[in-house]
Amino acid sequence: MTNPALPAEALILNRVQETEDIFTLQLQLTAPAQQWRLGIQPGQFNMLYRFGVGEIPISFKAISADEQGQPVLEHTIRAVGRVSRALAALPPGERIGLRGPFGQGWPLEQAEGQDLCVITGGLGCAPAVSIIEHAFANRTRYGHIHIIQGVKHSADLLWRSRYEFWAQQPDTTVMMAADVAAPGWPWYSGRVTELIKRLPLRPEQTLVCCCGPEPMMQASAEQLIRQQVPAEAIWLSMERNMQCASGHCGHCQFGADFICRDGPVMPYPRLRDRLGLEGI
Ligand SMILES: Cc1cc2nc3c(=O)[nH]c(=O)nc-3n(C[C@H](O)[C@H](O)[C@H](O)COP(=O)(O)OP(=O)(O)OC[C@H]3O[C@@H](n4cnc5c(N)ncnc54)[C@H](O)[C@@H]3O)c2cc1C
Ligand code: FES
């Protein structure tokens with residue numbers, strides 16, 4: 001069975017409450033014949049289906065292992081509406097449906113031999129974990145790694161120890177920004193774009209992966225271009241409402257592109273004229 005459009009059953013092995021409204025589901029596919037779905041690439045997404053409620057696209061965060069060494073698929077989700085709240089209510093032991101993997105992931109091969117700059121805002125950090133882990137697992141393939149994460153409030157920062165660990169790795173820069181910072185916040189107070197200005201970039205040999213709210217991605221991309229990074233070296237991960245996830249229903253249309261099929265990861269020049277336009 002190799003059809004990503006057909007749902008597989010996934011068991012919720014564990015559920016981690018990351019913040020008040022953000023949780024991580026650790027999932028194991030129940031049928032051995034479905035294990036090919038674990039070939040999901042950084043930047044791709046799955047459709048998670050709460051039976052009887054509905055399905056939503058959620059990026060893949062990581063693949064870890066359970067105590068027996070069996071692969072575990074991780075998705076981090078913010079409970080914002082009908083389906084995400086219904087998924088949030090499920091305890092370990094429940095089963096959900098999973099379709100995927102779908103979409104175009106980060107351009108990992110194109111990034112090889114270059115510096116990698118990963119810029120995220122809010123929960124955009126979840127899809128970026130997979131590319132950062134991939135880069136560290138294949139360290140010799142990449143040059144300097146820059147990681148920038150922006151949050152609205154310092155209390156929103158997820159996985160602080162993970163960022164601290166990455167910051168200690170050689171040839172790696174980690175910077176964090178909070179629009180509003182509580183006392184004791186050791187990093188920058190202000191916008192991500194201000195941090196980008198401080199990055200020791202080598203613009204002609206850098207590939208940028210950016211994931212977060214659209215205005216933040218657009219502002220970051222324009223700032224990088226002002227710092228001489230070529231527009232075609234900047235890749236954004238886009239979000240739109242989805243239904244089929246396979247380029248048929250048109251729900252995710254963005255101009256001439258279907259985000260589920262042509263994205264979610266797309267080069268900035270393809271998006272530049274359409275970002276911020278009303279009605280698209
Ligand atoms: C390719 C792709 C990858 C995604 N990856 C992730 C991920 O890894 N983790 C994750 O949490 N979400 C992710 N999303 C967003 C997620 O799919 C939506 O949050 C989800 O579809 C909302 O569905 P719902 O039924 O829970 O809410 P709905 O009932 O559809 O919406 C309820 C309300 O929430 C608002 N809303 C919808 N989405 C968001 C949002 N993202 N943030 C704040 N408010 C919102 C709506 O405008 C509406 O007012 C991704 C989306 C795409 C397209
Ligand atoms: S979700 Fe149906 S075309 Fe993209």
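How many residue pairs are in polar contact between domain 1 and domain 2? I looked this up before anything else, and the count is four residue pairs, both residues at pLDDT 80 or more. I record here that the model is a predicted one.

**Entry on the two domains.** I noted how the protein chain is divided: domain 1 covers 8-102 and domain 2 covers 108-271. Taken over C-alpha atoms, I find 22 Å separating the centres of domain 1 and domain 2. I then looked up the contacts, and 18 residues of domain 1 are in contact with 19 residues of domain 2.

**Entry on the interface.** I looked up the area that the two domains bury between them, which is about 1,500 Å², with 68% of it on carbon and sulfur atoms. On the side of domain 1, I find that Pro42, Phe45 and Lys61 lose the most area to domain 2, together 34% of what that side buries. I also searched for salt bridges across the interface of domain 1 and domain 2, and the rule finds zero. I listed the elements that give two or more residues to the side of domain 1 that touches domain 2: strand 2 (22-29), strand 3 (45-50), strand 4 (54-59), strand 6 (71-78) and strand 7 (95-102).

**Entry on the nonpolar cores.** I turned next to the largest nonpolar core, which has 37 residues. Within this core, Ile119, Ile148, Leu224, Ile234 and Leu236 touch the most other members. I note that helix 6 (residues 214-226) supplies the largest share of this core, four residues. Where does the core lie with respect to the domains? Domain 1 (8-102) and domain 2 (108-271) both give residues to this core, so I place the core between them.

I followed one member, Leu224, further. Not counting residues up to four places away in sequence, Leu224 touches Ile119, Ile196, Leu201, Val208, Val229 and Ile234. Apart from this core I find another core, of 33 residues, and Ile22, Ala111, Val174 and Met176 are among them. As general background, I add that nonpolar side chains tend to be buried together in soluble globular proteins.

**Entry on Thr173.** I located Thr173 in strand 10 (residues 172-180). Is Thr173 buried or exposed? Its relative accessible area is 17%, and buried means under 20%, so I enter Thr173 as buried. I find a polar contact of 2.6 Å between the side chain of Thr173 and the side chain of His144. Leaving out residues up to four places away in sequence, I list His144, Ile145, His146, Ile147, Leu199 and Pro200 as the residues that Thr173 touches.

Conventions:
Residues are numbered from 1 along each chain as its sequence is written. Chains are lettered from A and ligands numbered from 1 in the order in which they are written. This is a predicted model: local features need pLDDT of at least 70, side-chain atom pairs count only at pLDDT 80 or more; totals for chains, interfaces and linings use all residues. Side-chain values use heavy atoms; hydrogens and water are left out. A nonpolar core is a set of buried Ala, Val, Leu, Ile, Met, Phe, Trp, Tyr and Cys residues joined through side-chain atoms within 4.5 Å. Buried means under 20% relative accessible area, exposed over 50%, partly exposed in between (1.4 Å probe, protein chains only). Domain bounds come from an automatic or database domain assignment. Contact means heavy atoms within 4.5 Å. A polar contact is a pair of N or O atoms within 3.5 Å; within protein, one must be able to donate a hydrogen and the other to accept it, and residues adjacent in sequence count only if both atoms are side-chain atoms. Buried area is the accessible area (1.4 Å probe) that two parts lose on being put together, summed over both. A salt bridge is a side-chain nitrogen of Lys or Arg within 4 Å of a carboxyl oxygen of Asp or Glu.
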